[in-house]
Amino acid sequence: MLLKTIFPRFNLRGSILNIDDRRHEVKYMCNKCGKLRVMFSLCDLKTEDLASKGYIEITDIHNCVESKLTPITLYVDASYSVRSQFPIEVEKTKTTEPLPGLDIPLPIKVKMGNREIEKIKGFRGKNIRSIKISDKLRQTNFILDISNKGNELSSTSKMSLVTVSMRINKKVSEENAKKWLEIIASTIETRVMLDETVLSHLLVYLEGKIGEKPEEYEKIEVEFLLSNSHLISNESLLTNFEENKSKIFPDWTKVEHSYAAKIIQNCSASKHKTLWEVYETVKDKQTLTEFLSLIRELRKQEVIKVEKMEFFTLSDPQTK
Ligand SMILES: [Zn+2]
């Protein structure tokens, strides 16, 4: 393929980027199935929670005993050690009320705290009037309530751990909006971490799209948005881009080429910035949707790598 000869595909994982020493490793052995699971994060986990409580909570979902998908809450300290782990019992969080007269054990009530999603510039609340994300993994309801007018919709994720409810403008197609809610609920359910600042940006992104049927590429963009992703590139990829941009991205305008160059510069391995930090550098000139579309294209051509926070299985005693 011509493209490949002009612009060879680079193996971004490890080889050309000597950044592994900067990654934080979170490793634990599951108490139930014995799998050794690991996450390499470029993300600094020094959050408010760590300062106030001395630990942060993150979530790993894996095929556990009897190949059952099991979410596990991990308590991680400042040195990235897992201090304790608690499996979340999916079945028990499903039932809310015991059936009278039957000998059914009382379900565990998950105590939910509330956190407000900040309304940021770019979100007008015209199509989306309110949103509530009930996230049992984080034991938190993320809420933004602008108006009590409109149609109410909700969708629950596969494991029933995340429910997204929304009130939308009556003019917006409920059928399409519902599809978006399904995507958001299922994406949040598989996230290691979630914070409300990301949700503020998600609302900006959704406002103009909620009435349209979601496309496949938009599912990828939602994944980028909610994954606390890091963007990685380097000098040689930038040089290659500068030399071959009109061949690799012939449909782009000059302005798009220059934004893309700025994005790649900001993704250099030494900076290891998150998607949001890179967006900050171009947001005055680009909408979030335009930015994500550039990121998607740059990733497709392997000019940048989008690395999300996720766990991998290092070893599996069941298969030995
Ligand atoms: Zn397990």
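**Exercise 1. Which residue of β13 stands opposite R37?** Work outwards from that pair to the whole sheet.

*Solution.* Keep in mind that this is a predicted model.

Step 1. Look across from R37: the residue opposite in β13 is T313. L36 likewise has a counterpart in β13, namely S315.

Step 2. Now count the links. Strand β2, residues 36-41, is joined to β13 by three bridges, and the two run antiparallel.

Step 3. Turn to β1. Six bridges join β1 to β2, again antiparallel, and here Y28 stands opposite R37. R37 therefore faces Y28 of β1 as well as T313 of β13, by the pairing that general rule describes: strands of a sheet pair through backbone hydrogen bonds, either parallel or antiparallel.

Step 4. Assemble the sheet. The three strands make an open, antiparallel sheet in the order β1-β2-β13. Since β1 (24-29) and β13 (312-315) each have a single partner strand, they stand at the edges, and one side of each lacks a neighbour in the sheet. From one strand to the next, the twist averages 30°.

**Exercise 2. Describe the hairpin of β1 and β2, then sort the residues of β2 by face.**

*Solution.* Step 1. Between β1 and β2 of the hairpin lie six residues, and G34 in the turn has a positive phi of about 80°.

Step 2. Recall that in a regular strand the side chains alternate between the two faces of the sheet.

Step 3. Apply this to β2: R37, M39 and S41 belong to the covered face, while L36, V38 and F40 belong to the uncovered one.

**Exercise 3. In what order do the strands β3, β4 and β5 lie in their sheet?**

*Solution.* Step 1. The order is β3-β4-β5, in an open sheet with antiparallel pairing.

Step 2. Find the edges: β3 (56-63) and β5 (82-87) each pair on one side only. Neighbouring strands here are turned by 25° against each other on average, direction ignored.

Step 3. Zoom in on one pairing. Eight bridges connect β3 with β4 (residues 69-76) in the antiparallel sense, and N63 stands opposite L69 in β4.

**Exercise 4. Work out how helices α7 and α8 are arranged, and what lines their contact.**

*Solution.* Step 1. Take the axes of α7 (residues 235-248) and α8 (residues 254-266): they come within 10 Å and cross at roughly 170°.

Step 2. Classify the angle. Values over 145 degrees count as roughly antiparallel, so α7 is roughly antiparallel to α8.

Step 3. List the contact. α7 contributes L237, L238, F241, E242 and K245, and α8 contributes H257, A261, I264 and Q265.

Step 4. Sort these residues by type: five are nonpolar, two polar and two charged.

Notes: Residues numbered from 1 in each chain as written. Predicted model: local features only at pLDDT ≥ 70, side-chain atom pairs only at ≥ 80, totals over all residues. Pairing = 2+ DSSP bridges. Helix = DSSP H or I, 4+ residues; strand = E, 2+ residues; numbered from the N terminus. Axes fitted to C-alpha atoms, helices over the stretch in contact; angles between N-to-C directions. Parallel < 35°, antiparallel > 145°, perpendicular 65-115°, else oblique. Contact = placed C-beta atoms within 7 Å. Nonpolar A, V, L, I, M, F, W, Y, C, P; charged D, E, K, R; others polar. Buried ≥ 20, exposed ≤ 12 C-beta atoms within 10 Å, placed from the backbone.
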